[in-house]
Amino acid sequence: MLERQSGQKAILSKRGKESFKKKTAFLVFMCLIFFVSLGNLFIKPTQAAVGSHVVISEIYGGGGNSGSSYKNDYIELYNPTSSSVSLSGWSVQYASSTGTFNSITNLTGSIGSHQYYLIKEASGGGGTVDLPTADDSGTINLSASSGKVALAKVTTAVSGSTNSNVVDFVGFGSANDSETTPIGTLSDTTSAERKDNNGGTAQGQGNGWDTNNNANDLVITSSLVPQNASSAAESTTQTGTDNDNLGLGNPSGATSDTSNFNNYLMVKPQYDLSYNNSKHEPNWVGWHLGSSDLGSTPRQDDFRADTTLPAGWYQVTASEF
Ligand SMILES: [Ca+2]
Ligand SMILES: [Ca+2]
């Protein structure tokens with residue numbers, strides 16, 4: 001290699017040498033970026049940002065209260081997965097901010113892939129607008145400000161967020177239980193809405209964002225959007241916005257559908273990538289660097305398998321890298 005390089009240099013003009021050096025430096029730089037990026041694939045395993053299960057996508061407890069337009073409280077679900085999910089034997093459960101789960105609405109039917117499911121709950125007696133057709137209804141009287149909602153794969157009362165039968169959990173206001181931290185206090189006119197599949201607040205892009213931190217995964221909004229099984233399925237294809245890891249776009253139209261296993265979108269806090277499960281490597285990696293990303297951590301070589309890959313997919317181990 002050294003011999004070959006010196007031979008090449010011998011026939012290069014001075015200008016050519018500079019160009020060669022620049023090109024070599026650029027190549028080394030790009031390789032460095034590529035390997036650092038590839039290395040990141042094996043370190044810092046993070047919860048996939050878009051949930052791999054049905055999630056609680058919106059909670060509204062001000063139905064029929066003073067100043068509300070909707071007559072009823074509601075709990076809305078969203079299915080970010082690529083398969084329909086049966087809700088038979090499942091329930092949504094409510095507890096007050098410090099109470100135990102004693103209000104339960106049993107669910108029926110199923111929730112389609114990328115679709116919504118609306119559960120109508122109690123009315124406060126006021127309000128002027130009927131909810132869209134509910135897919136199930138119950139009599140839970142949610143607090144307009146603080147409380148806890150669990151989506152459970154059983155119809156018996158759960159103990160809290162860590163119960164093994166809990167599929168998803170949201171604490172709001174002064175709730176004493178939540179996924180990490182409750183979303184803030186709601187009102188008669190605001191709901192807690194889960195972020196879209198890009199981690200933003202756009203409509204039409206699903207409500208699947210779930211890093212298991214309610215304070216980060218939901219937002220409080222006065223633009224209530226109760227959606228039901230007739231509402232349009234919302235794609236998980238992600239598009240880029242400025243200062244986002246996909247700011248230059250999604251070059252291969254990668255999606256977070258597990259059926260799209262050779263162009264599978266994985267969203268991490270530090271970067272996004274399209275994963276190829278046949279080759280066991282990324283098709284591409286996209287990232288954005290800003291001043292807030294700068295720190296003093298040295299390069300780490302503790303490569304690890306990415307445990308956030310979908311169940312059953314091969315996880316490349318450190319010894320293979
Ligand atoms: Ca969750
Ligand atoms: Ca909604």
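**Two calcium sites and two positive phi angles**

In sequence, the residues that donate to the calcium ion (ligand 1) follow the spacing D-x10-E-x30-D-x1-N. Asp-168 belongs to strand β10 (residues 166-172), while Asp-210 sits in the loop between β11 (191-194) and α3 (214-217), so this pair ties together parts that are 42 residues apart in sequence. The model is a predicted one, and in it the ion is coordinated at 2.3 to 2.5 Å by Asp-168 (OD), Glu-179 (OE, twice), Asp-210 (OD, twice) and Asn-212 (OD1). The angles among the six donor atoms run from 53 to 169 degrees, and the site is irregular. Asp-168 and Asp-210 are both buried.

Asn-212 deserves a second look. This donor to ligand 1 lies in the loop between β11 and α3 and is partly exposed, with a relative accessible area of 29%. Its phi is positive, at about 60 degrees, although the residue is not a glycine. For context, most residues other than glycine have a negative phi.

Turning to the other site, the calcium ion (ligand 2) has protein donors at 2.2 to 2.7 Å: Glu-58 (OE), Glu-76 (OE, twice), Val-225 (O) and Gln-227 (OE1). Here the donor spacing in sequence reads E-x17-E-x148-V-x1-Q. Glu-58 in strand β1 (residues 55-60) and Glu-76 in strand β2 (residues 72-78) are 18 residues apart, and the pair links distant parts of the chain. Both of these glutamates, Glu-58 and Glu-76, are buried.

A positive phi, of about 65 degrees, also appears at His-114, again not a glycine. His-114 is located in the loop between β6 (110-111) and β7 (116-123) and is buried, with a relative accessible area of 10%.

Definitions and conventions: Residues are numbered from 1 along each chain as its sequence is written. Chains are lettered from A and ligands numbered from 1 in the order in which they are written. This is a predicted model: local features need pLDDT of at least 70, side-chain atom pairs count only at pLDDT 80 or more; totals for chains, interfaces and linings use all residues. Side-chain values use heavy atoms; hydrogens and water are left out. Donors are N, O and S atoms within 2.8 Å of the metal (3.2 Å for Na, K and Ca); water is not among the atoms, so sites may look incomplete. Helices (H or I, at least four residues) and strands (E, at least two) are DSSP runs, numbered from the N terminus. Buried means under 20% relative accessible area, exposed over 50%, partly exposed in between (1.4 Å probe, protein chains only). Four donors count as tetrahedral if all angles lie between 85 and 135 degrees; four count as square planar and six as octahedral if opposite donors are over 155 degrees apart and all others between 65 and 115; anything else is irregular.
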